[in-house]
Every structure is written in structure tokens, then in C-alpha cells.
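The two exercises that follow are meant to be worked with the sequence and the structure side by side. Try each task before reading its solution.

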Amino acid sequence: MANETENAWEAKYQTGDTPWEMAGECDRLAGLVQAGLIRPCHALELGCGSGAVAVHMAQLGFQVTALDIAPTAIEQARRLAANSGLEVNFVCADVTQWPGEGEPFDFVYDRGCYHVIRRDSGAGYLATLVRVTRPGSQVLLLAGNAAEPSGIRGGPPGVTEDEIRTDFAPWFDIVTLEPFHLQGRQGQQGPLFWSCRMVRVCR
Ligand SMILES: C[S@@+](CC[C@H](N)C(=O)[O-])C[C@H]1O[C@@H](n2cnc3c(N)ncnc32)[C@H](O)[C@@H]1O
């Protein structure tokens, strides 16, 4: 299963079939950082793709580890960081089986990884998220919104509010859960998403 998943995502990066990269990456995160709700800290990005957000976070002063299953995505991400003169710890691994790297992370960012994994390996994803955080750690999850059927704009898999609440409730308090549209790079409206900010609790 892990190999099939890796091969499928690797093929997308090798052929440039990565339509999600058309969306502007970091508006939600940048807004929360500007508002002081998320502060630069020891951070992890799950499903980082070719690294634009990880590098942006490093620019903002975060100490970043960023993980993706596709080797080509990680190669592209390492090149981007090197060209930007910034240090990011890029890891090529399957999030559902990743043991972590010792010290828990204070902040985890995920745009588009949970929503592609949850149907087949949701339990593995959650187990990793719990393993690599501690009470007080924050998570910003950006996931496709089921209110917009997949396919309308070649959009992402959608999840419902109930699914998010049920998946994360055992371990996380949801601080905000709100729908928003991704912005395309040229400012056009992208697919409908959820923005979910959570805090790890001690359960
Ligand atoms: C829809 S893309 C989003 C990429 C990036 N976060 C963005 O918003 O541009 C999903 C990403 O998750 C990665 N991915 C899928 N399954 C994964 C897994 N099991 N472990 C780690 N990464 C995975 C894919 O390689 C891909 O880069």
C-alpha cells in the first residue's frame, strides 16, 4: 500500500500533474501569523509537496521539518530551499508510518494531505499526528470541503464538518472550523476548503 501510494504521487510530480500548485499557498497561515495566533516555533508540514509553504515558514522564522512521500517533490523542495538560502529539514516518508524525530512539534501545518489520506489510512495519519505533538501543540488543517462536489473544478476530495470533528475530537480541541475558498495564483477563486485550527489536548 505504501509503495502504491508513493508511486502514484511520484508519477504526478515526475509528469508535472500537480494542479494543486496553481493555488496560492500560504494566505491562511500568513494571516494567523500576522494576527499573532500562531508564532514562529518548531513546526512540521505534512504533505509539503514541492516546498513553497515550508520555505515561506522558514522565512517567517519557523524551524521547519517538512515531509512528503514523493521523492521528486522532496528534491524540488530541497532545491527551492537551497535557492532561497533557507534551512528546512525535508524528509521523504509516508506520514502514516513516520516515527517522528524526537522532540514534539509545537505547530503542524497540512494543506491537502489529510484529505487525500483519510479514507484509506486515516488511523495511521492520526496516530502520527498524535505521536509528533504534545498538549498545547497547534494544528492548521486545510482540507477539501464536501459541500463542493469533487470534480467541479478538478477539485480535491471533500470532507464534511462531522468527519473532521469525529476524526480529531479524541485528541484535539477545535478552535475554529470555517469554510473558505482557496485563491488561485492570479487571484481567481479556487475550490471550497475547510480551515481548521486545533489545539492538542491531554486526553
Ligand atoms: C494535494 S497534494 C498537496 C501538496 C501541498 N501541501 C500543497 O498544498 O501544494 C498532497 C500531497 O500529499 C503527499 N502525500 C500523499 N500521501 C502521503 C503520505 N502517505 N505520506 C506523505 N505524504 C503524502 C503527496 O505526495 C502530495 O505532495
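**Exercise 1.** Which residue stands opposite Q138 in strand 7? Place the answer within the pairing of the strands around strand 7 in this predicted model.

*Solution.* Begin with the pair itself: the residue of strand 7 that stands opposite Q138 is V199. Next, widen the view to the whole pairing, in which strand 5 (residues 138-144) and strand 7 (residues 189-200) run antiparallel and are joined by seven bridges. Then turn to strand 6 (residues 172-183), which also runs antiparallel to strand 7 and is joined to it by ten bridges, with F172 having R200 as its bridge partner. Finally, look at the hairpin of strand 6 and strand 7, where five residues lie between the strands and G187 takes a positive phi near 90°.

**Exercise 2.** Which residues of helix 4 are buried, and why do they line one face of the helix?

*Solution.* First, delimit the helix: helix 4 covers residues 71-84, and its 14 residues reach 20 Å from the first C-alpha to the last, close to the 20 Å expected. Second, list its buried residues, which are A73, I74, A77 and A81. Seen down the axis of helix 4, these buried residues fall within an arc of 95°, and therefore they line one face. In an α-helix there are 3.6 residues a turn, so residues three or four places apart point the same way. Third, check the face turned away from the buried side, which carries the exposed residues R79, A82 and N83. Fourth, identify what covers the buried residues of helix 4, which includes helix 1 (2-15), helix 3 (52-59), strand 2 (63-68) and strand 3 (89-92). Last, note that G85, which follows helix 4, has a positive phi near 70°.

Technical notes: Residues numbered from 1 in each chain as written. Predicted model: local features only at pLDDT ≥ 70, side-chain atom pairs only at ≥ 80, totals over all residues. Helix = DSSP H or I, 4+ residues; strand = E, 2+ residues; numbered from the N terminus. Expected span 1.5 Å × (residues − 1). Buried ≥ 20, exposed ≤ 12 C-beta atoms within 10 Å, placed from the backbone. Arc of directions from axis to C-beta. Contact = placed C-beta atoms within 7 Å. Pairing = 2+ DSSP bridges.
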